[in-house]
Amino acid sequence: MKAVILYDSKTAGGSTEAIIDAIGQQLAESGAYVEKAKCKAMADYSFVREFDIVILGAPVYYFLVSSQLLAALIQGNLKKNLKRKKIALFLTCGSPDTLASVIYLPQLKIHLIRNRILAEKIIPPGALSDTETIEEFVDDLLYEYEKTLKEGRASHTIEWSDDALGLLHSIPSFMQGKIKTVAEEYAAETGCREITVAVLMAAKDEMQG
Ligand SMILES: Cc1cc2nc3c(=O)[nH]c(=O)nc-3n(C[C@H](O)[C@H](O)[C@H](O)COP(=O)(O)O)c2cc1C
């Protein structure tokens, strides 16, 4: 797995860079190939296409996510090059988690509504003494990434019977995607090559616990 960390910060050797290094180290220890690049608003971001995961990270200054990352998304070609990319996000700031998730994270997420977000976290500047926060972020990211790989494999090899497809299409459309994923994951895990009505019902029962 190849990951690139795109970040911005006005502080050389500050908390953002320390957090990035810790994330990079943990990802590398899990076997990933990791690069980092500091954002410049109008840089050419076509290089991100060769990575499986793009991690965006920045501090907050005066209520705004650091300017070069935001500008790369809004004015530059970063958003265009993130099409269909799997993303992880982190912000570092002095505000509490709950506030930062509501006020600051959406400044990035509004530009990523079509992306799969694997993990997102507010990481306080002092988080390096508390390695759990970084570990949790990297674990979430790797877990969700594995899940997307499983989903990809499942949807390529598993067939749907006509009856099961009919049943899937009879449920409200906003739920179909979730049920389809659950059924395909269930079939992949239990070694079924075809999703029949019985498999679909068993997956539903398992999902409902
Ligand atoms: C000039 C300045 C403005 C800041 N403004 C905010 C803010 O509006 N909201 C917030 O939660 N944290 C704010 N912070 C805290 C920073 O987001 C936090 O310390 C961050 O970890 C700094 O990252 P850096 O070391 O890479 O610069 C501010 C810090 C500085 C130095």
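**Stop 1: two crossing helices**

Start by selecting helix α8 (residues 173-190) and helix α9 (residues 197-207): their axes come within 9 Å and cross at roughly 100°. This is a predicted model, so keep that in mind at every stop. Two packed helices are described by the angle between their axes and the distance between the axes. Are α8 and α9 parallel or perpendicular to each other? An angle from 65 to 115 degrees counts as roughly perpendicular, so α8 and α9 are roughly perpendicular to each other.

Now show the side chains where the two helices meet. On α8, pick V182, A183, Y186 and A187. Their partners on α9 are V199, L200, A202, A203, E206 and M207. Try colouring this contact between α8 and α9 by residue type: you will get nine nonpolar residues, no polar ones and one charged.

**Stop 2: the whole protein**

Zoom out until everything fits on the screen. The C-alpha atoms of the protein fill a box of roughly 60 × 35 × 35 Å, taken along the principal axes. Switch to a cartoon view to find the nine helices and eight strands of its secondary structure. How much of the protein is buried? Of its 209 residues, 32% are buried. Among contacts with a separation of 6 or more, 77% join residues 24 or more positions apart.

**Stop 3: the largest nonpolar core**

Next, select I5, I23 and L69. These three touch the most other members of the largest nonpolar core, which has 43 residues. Several elements each supply at least two residues of this core: β1 (2-7), α1 (15-29), β3 (53-61), α2 (67-74), β5 (86-92), α5 (105-109), β6 (116-122) and α6 (131-157). Which element gives the largest share? That is α6, with six residues.

There is another core as well, lying apart from the largest one. This other core has eight residues, including I195, V199, L200 and A203. You have already met V199, L200 and A203 at the first stop, in the contact of α9 with α8.

**Stop 4: L69 and helix α2**

Go back to L69 and show what surrounds it. Leaving out residues up to four places away in sequence, L69 touches L6, D8, C39, L56 and A58. Then select the buried residues of α2, which are Q68, L69, L70, A72 and L73. What covers them? The cover includes β1, β3, β4 (64-65), α3 (78-81) and α5.

**Stop 5: around the ligand**

Select the ligand and the residues around it. How many residues surround the ligand? There are 16, and the closest are T11, G14, T16, P59 and C93. Both α1 and β3 supply at least two residues of this shell, and β3 gives the most, with three. Coloured by type, the shell around the ligand shows seven nonpolar residues, eight polar and one charged.

**Stop 6: the loop between β3 and β4**

Now follow β3 to its end and find Y62, in the loop between β3 and β4. F63 lies in that loop too. What do their backbone angles look like? Phi of Y62 is near 50°, a positive value in a residue other than glycine. For F63, phi is near 70°, again a positive value in a residue other than glycine. Are these two residues buried or exposed? Y62 is exposed, because it has 5 other C-beta atoms within 10 Å. F63 also counts as exposed, with 10 C-beta neighbours inside 10 Å. For both, the reasoning rests on one cut-off: 12 or fewer such atoms make a residue exposed.

**Stop 7: three pairs to finish**

Select I134, in helix α6. With 21 C-beta neighbours inside 10 Å, I134 counts as buried, because 20 or more is the cut-off. Now add E17: I134 and E17 are 117 residues apart in sequence, and their C-alpha atoms are 13 Å apart in space.

Move on to T98, in helix α4 (residues 97-103). T98 counts as exposed, with 9 C-beta neighbours inside 10 Å. Its partner for this stop is I122, 24 residues apart from T98 in sequence and 8.9 Å apart in space, C-alpha to C-alpha.

Finish with P96, in the loop between β5 and α4. P96 has 10 C-beta neighbours inside 10 Å and counts as exposed. Select I123 along with P96: they are 27 residues apart in sequence and 9.6 Å apart in space, C-alpha to C-alpha.

Key
Residues numbered from 1 in each chain as written. Predicted model: local features only at pLDDT ≥ 70, side-chain atom pairs only at ≥ 80, totals over all residues. Core = buried A, V, L, I, M, F, W, Y, C linked by C-beta atoms within 7 Å. Helix = DSSP H or I, 4+ residues; strand = E, 2+ residues; numbered from the N terminus. Contact = placed C-beta atoms within 7 Å. Near = placed C-beta within 6 Å. Nonpolar A, V, L, I, M, F, W, Y, C, P; charged D, E, K, R; others polar. Axes fitted to C-alpha atoms, helices over the stretch in contact; angles between N-to-C directions. Parallel < 35°, antiparallel > 145°, perpendicular 65-115°, else oblique.
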